[in-house]
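Please look over the sequence and structure below. Then read the short report on the fold, its unusual backbone spots and its pocket.

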Amino acid sequence: MFRMLWLSAALLAFHQPAAACETSSDSSRIAVAGGSLTEIIYFLGAEARIVAVDSTSIFPQAASAFPSVGYVRALSAEGLLSLRPTLVLGEDDMGPPEVLAQVGRAGVDIVRVPETHTAAGILDKVRCIAAVLDLADHGESLVREKLDPMVAALESIRVSAAKPPQAALILQMSAGAPTVAGAGTSGDGFLRLARLRNSFAELSGWKPVSPESMAIAQPDYIVITQRATRTGDGLERLAPSPALRAALQGRNGMADGLIAMDGMAMLGFSPRTLEAALDLSRQIH
């Protein structure tokens, strides 16, 4: 019991949300747990401070040269500490908690970056990481120069789209059954960012759905991750899927309503997500 209480106190000590975006005492050696954060560190031009990344850090390609600390939700204390980081910078779902507590007790700064699936959330994430790395002014300049124009472009599409089309976002295909984005997911946030109505907004989380459900939803468009198309051996192999065929049965061929995009760009909620949403919006609107 005492150990459990002590561990809880340790976790609270290392993960106070109010301190999440404060400047780190030492950000010279960063272990990154989250692909979107790696992208943002590169966006800020601070990649020379990275000493390790997690397995979701696949963009830019240069990040693959760093040692891996495993998956963002299944980090290893031994693996992290062996790389002598001064800061572990992670997405809001990094873990497990006991590993973070152990690393924190070793004197390593631990920062969990908040995430909101909106355009403002992306800007806040960039500002947060810039502040942690003591690059707040530089980060703000990049936000104004590179990100604000994309947000403004998306806003103008929102104003002009009186009744946005409906779309379903598919994360993966398993035995012909798609897993779709419901409310509260990054996929739902991405569709809203691109000024589309989510055909499965009544669901919560990522959910597998039946061909009948896809037929009833009748989305105008289906947005699917490129990874899902590879598991189906390409878009052509997805065409016989009853779920996709049912959803797009009113269209002249699958290609008319099926759009494959980079999953990390769509769902990471990094600067690339703004680019992907703007690209999708312009294709459709």
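The report below starts with a sheet, moves to the loops and ends with the largest pocket.

## The model

This is a predicted model. Keep that in mind as you read.

## An open parallel sheet

Four strands build an open sheet. Their order is 2-1-5-6, and the pairing is parallel. Strand 2 (50-53) and strand 6 (109-113) stand at the edges. Each has a single partner strand, so one side of each has no neighbour in the sheet. From one strand to the next, the twist averages 20 degrees.

Now take one pair. Strand 1 (residues 30-33) and strand 5 (residues 87-91) run parallel, and four bridges join them. Within this pair, Ala31 stands opposite Val88 in strand 5. Helix 5 (residues 119-132) packs on the sheet. Helix 5 touches strand 5 and strand 6. The direction of helix 5 makes about 170 degrees with that of strand 6.

## Unusual spots in the loops

Two cis peptide bonds deserve a look. One joins Phe59 and Pro60, with omega about -5 degrees. Pro60 lies in the loop between strand 2 and strand 3 (70-71). Another cis peptide bond joins Gly95 and Pro96, and here omega is about 5 degrees. Find Pro96 in the loop between strand 5 and helix 4 (97-105).

Asp134 has a positive phi of about 60 degrees, although Asp134 is not a glycine. Look for Asp134 in the loop between helix 5 and helix 6 (136-160).

## The largest pocket

How much space lies in the largest pocket? About 1,100 Å³. The pocket is lined by 33 residues. Closest to its centre are Thr56, Leu171, Gly263, Met264 and Leu267.

Which domains supply the lining? Domain 1 (14-153) and domain 2 (166-284) each give at least three residues. Several elements supply at least two residues each: helix 2 (35-43), strand 7 (166-174), helix 9 (226-231) and helix 12 (263-267). Helix 9 gives the largest share, five residues.

The lining is a mix of residue kinds. Ten residues are nonpolar, 14 are polar and nine are charged.

Notes:
Residues are numbered from 1 along each chain as its sequence is written. This is a predicted model: local features need pLDDT of at least 70, side-chain atom pairs count only at pLDDT 80 or more; totals for chains, interfaces and linings use all residues. Side-chain values use heavy atoms; hydrogens and water are left out. On a 1 Å grid over the protein atoms alone, a cavity is a set of points where a 1.4 Å probe fits but cannot get out, and a pocket is an open set with protein on both sides within 12 Å along at least five of seven lines; lining residues have an atom within 4 Å of a point. Grid points are joined across faces, edges and corners, and a volume is the space filled by probe spheres set on the points. Ala, Val, Leu, Ile, Met, Phe, Trp, Tyr, Cys and Pro count as nonpolar, Asp, Glu, Lys and Arg as charged, and the others, Gly among them, as polar. Domain bounds come from an automatic or database domain assignment. Two strands pair if DSSP finds at least two bridges between them. Axes are lines fitted to C-alpha atoms, for helices over the stretch in contact, and angles run from 0 to 180 degrees between N-to-C directions. Contact means heavy atoms within 4.5 Å.
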